[in-house]
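Visitor: Could you take me on a close look at one part of this protein, the lining of its biggest pocket, and then at what surrounds it? I work with models all day, so please give me the numbers.

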Amino acid sequence: MIVTRFAPSPTGYLHIGGLRTALYSYLYARKNGGKFLLRIEDTDLKRNSEEATVAIKEAFDWCGLDYDGEVTYQSKRFDIYKEYVKKLLEEGKAYKDYMSKEELDELRAQQEARKERPKYDGRYRDFTGVPPEGIDPVIRIKAPLTGEILIDDGIKGEVKFRAEDILDDFIIARSDGTPTYNFTVVIDDMLMGVTHVIRGDDHLSNTPKQIVLYDALGFKPPKFFHVAMINGEDGKKLSKRHGATDVMEYKRMGYLPEALLNFLVRLGWSHGDDEIFSMEDMLKYFDPHHINKSSSTYNAQKLEWLNAHYIKTLPYDRLAKDMLEFGVDFKAMPKGEILLNSLRERSKTLLEMSESAKTIINAPSVYDEKAFGKFITEQSLEILAKFKEILTYDLSAAGYEEITTKFLEENGLKLKDLAQALRVSLTGSSVSPSIFEVLEVLGSAEIKKRIENIIKYKETK
């Protein structure tokens, strides 16, 4: 059975790069009937925050990425890690290092003076004497000093590391007994039965150390897939200056989870020339072996385009529910579905849809200065005053179009003589969905009221 995992550290919000690797791991497990696990790597007790853990779970819930079983917290597994440290010590595969901080600083200064890579010199590797007093030792693994470590990466292919170039006897437990990152990752992946690890290639340098630990523990390593980073359009590593990096910030900006996941799955993976991928499509086509080796580029315009697509195509009930968070209850309006369906055709985000909806739902108290100056004239106000007199019943959009056409013909006018002034009267600006759909949503009594308001407003100017 394929078992994948996502293992973030709760030191801040969930980065969209993290969500991408989580998505890849989720898809591979679900596609193959395997398990997808969530593990919180919270051993750094000084930097961890409960708010960050909550934020990670919220992001998963919003995106609909379900995981199997309970969330695993490393901070609750210290006893397990200590047992494996003890096992490696007893088997002579790890040892206690009594080197003081002053000694370590001196060693590093000497190595830097010789322009050597700073590394531990192994002075306690085979130590059998009396330990120095007053020093709590760290625990180091006995790493191979020569030879090669080979990784058959699912994306990068075969990657070779020379042991003498990248390894020393690295620490697996600190002097206070707390385990280090690489050690806890290996123990947990081993005990949780993880078969495939999909993660960012910033972890590639950790992989040979983890291979050493798997060998020492007598377990087969998982299959690794190291995914290239996401860059901004300037070619530099994605950061806040390129766009939001917090997953939940996209929710606040009015993006749909379907759009964000569709966007992220294509940042490094493709299926022909297809751009639109539902979750069903992703599960059908995704294969981590087809992830690109090179970095991908964040494109805000592509995300906007995808979001507009999903706003246009998702069911009314779903969008109406999402819009509640933006302060608009379409289902509470007599013509709410008509309004939403009209707005969805021109909205790129739910936030934009909310702002447009509010300009129609709420009678304007102020008017766009430029639109008011251009379209609200003595002549246009006379036309509006005449027009409101024909409004006696609530009609459909087609019905309003019919009586408007007749009104224009009888008065020797064209639609442009009425439409923009009417828009400004009803919404406060010259931009709105189809004017006839706006008329249908508001109804004749409200239309007349708003025309009367702008006439009074003009009189005060």
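Guide: Happy to! At least two lining residues of the largest pocket come from each of these elements: strand 1, helix 1, helix 6 (181-191) and strand 9 (196-200). Helix 1 gives the most to that lining, with 4 residues. Please keep in mind that this is a predicted model. The volume of the largest pocket comes to about 970 Å³. Its lining counts 35 residues, and the closest to the pocket centre are Ala 7, Pro 8, Ser 9, Asp 202 and His 203.

Let us follow helix 1 away from the pocket and into the interior. The largest nonpolar core has 95 residues, and those with the most contacts inside it are Leu 19, Phe 60, Val 247, Leu 260, Phe 330, Leu 422 and Ile 454. Helix 1 (residues 16-31) is again the top contributor, giving 9 residues to this core. So the helix that gives the most to the pocket lining also gives the most to the core, by the definition of helices used here.

Val 247 is a good place to see how this core is put together. Leaving aside residues up to four places away in sequence, Val 247 touches Leu 14, His 15, Ile 16, Leu 19, Ala 59, Trp 62, Cys 63 and Leu 260. There is also a second, separate core of 35 residues, which includes Ile 149, Val 186, Met 192 and Tyr 214.

Leu 260, one of the contacts of Val 247, brings us to helix 9. Helix 9 (residues 257-265) is mostly covered, with 8 of its 9 residues buried. The buried ones are Pro 257, Ala 259, Leu 260, Leu 261, Asn 262, Phe 263, Leu 264 and Val 265. Their cover includes helix 1, helix 2, helix 8 (247-252), helix 10 (279-285), helix 11 (300-313) and helix 12 (316-323).

Strand 1, which also helps to line the pocket, leads to the aromatic rings. The structure holds 17 aromatic pairs. One of them joins Phe 6 and Phe 60 in a stacked arrangement, 5.8 Å centre to centre with 25° between the planes. This pair links distant parts of the chain, since Phe 6 sits in strand 1 (residues 3-6) and Phe 60 in helix 2 (residues 50-63), 54 residues apart. Phe 6 counts as buried because its relative accessible area is 8%, under the 20% limit. Phe 60 is buried as well, at 0% relative accessibility.

For contrast, consider Tyr 367 and Tyr 457. Their ring centres are 4.8 Å apart and their planes meet at 65°, so this pair is edge-to-face. Here too, distant parts of the chain are linked: Tyr 367 lies in the loop between helix 14 (350-361) and helix 15 (369-375), and Tyr 457 in helix 20 (residues 444-459), 90 residues apart. Tyr 367 is buried at 10% relative accessibility, whereas Tyr 457 is partly exposed at 24%.

Back at Phe 6 and Phe 60, ring pairs extend the picture: they link Phe 6, Tyr 26, Phe 36, Phe 60 and Tyr 67 into a cluster. Tyr 67 belongs to the loop between helix 2 and strand 3 (72-73). Because its relative accessible area is 25%, Tyr 67 counts as partly exposed. Beyond residues up to four places away in sequence, Tyr 67 touches Arg 30, Phe 36, Leu 37, Leu 38 and Phe 60. The C-alpha atoms of Tyr 67 and Tyr 26 are separated by 8.0 Å, with these positions 41 residues apart along the chain.

A ring can also meet a charge: Arg 140 lies over the face of Tyr 120, at 3.7 Å from the ring centre.

Two lysines round off the tour. Lys 115, in the loop between helix 4 (101-113) and strand 5 (138-141), has a phi near 60°, a positive value in a residue other than glycine. Lys 115 is exposed, at 78% relative accessibility. Lys 374, found in helix 15, is exposed too, at 60%. From Lys 374 to Lys 284 the C-alpha distance is 54 Å, and the two are 90 residues apart in sequence.

Technical notes:
Residues numbered from 1 in each chain as written. Predicted model: local features only at pLDDT ≥ 70, side-chain atom pairs only at ≥ 80, totals over all residues. Heavy atoms only, no water. Core = buried A, V, L, I, M, F, W, Y, C linked by side-chain atoms within 4.5 Å. Buried < 20%, exposed > 50% of the residue type's maximum accessible area, 1.4 Å probe, protein only. Contact = heavy atoms within 4.5 Å. Phe/Tyr/Trp six-rings, centres within 6.5 Å; stacked < 30°, edge-to-face > 60°. Lys NZ or Arg CZ within 6 Å of the ring centre and 35° of its normal. 1 Å grid on protein atoms, 1.4 Å probe; cavity = no way out; pocket = protein on both sides within 12 Å on 5 of 7 lines; lining within 4 Å. Points joined across faces, edges and corners; volume = space filled by probe spheres on them.
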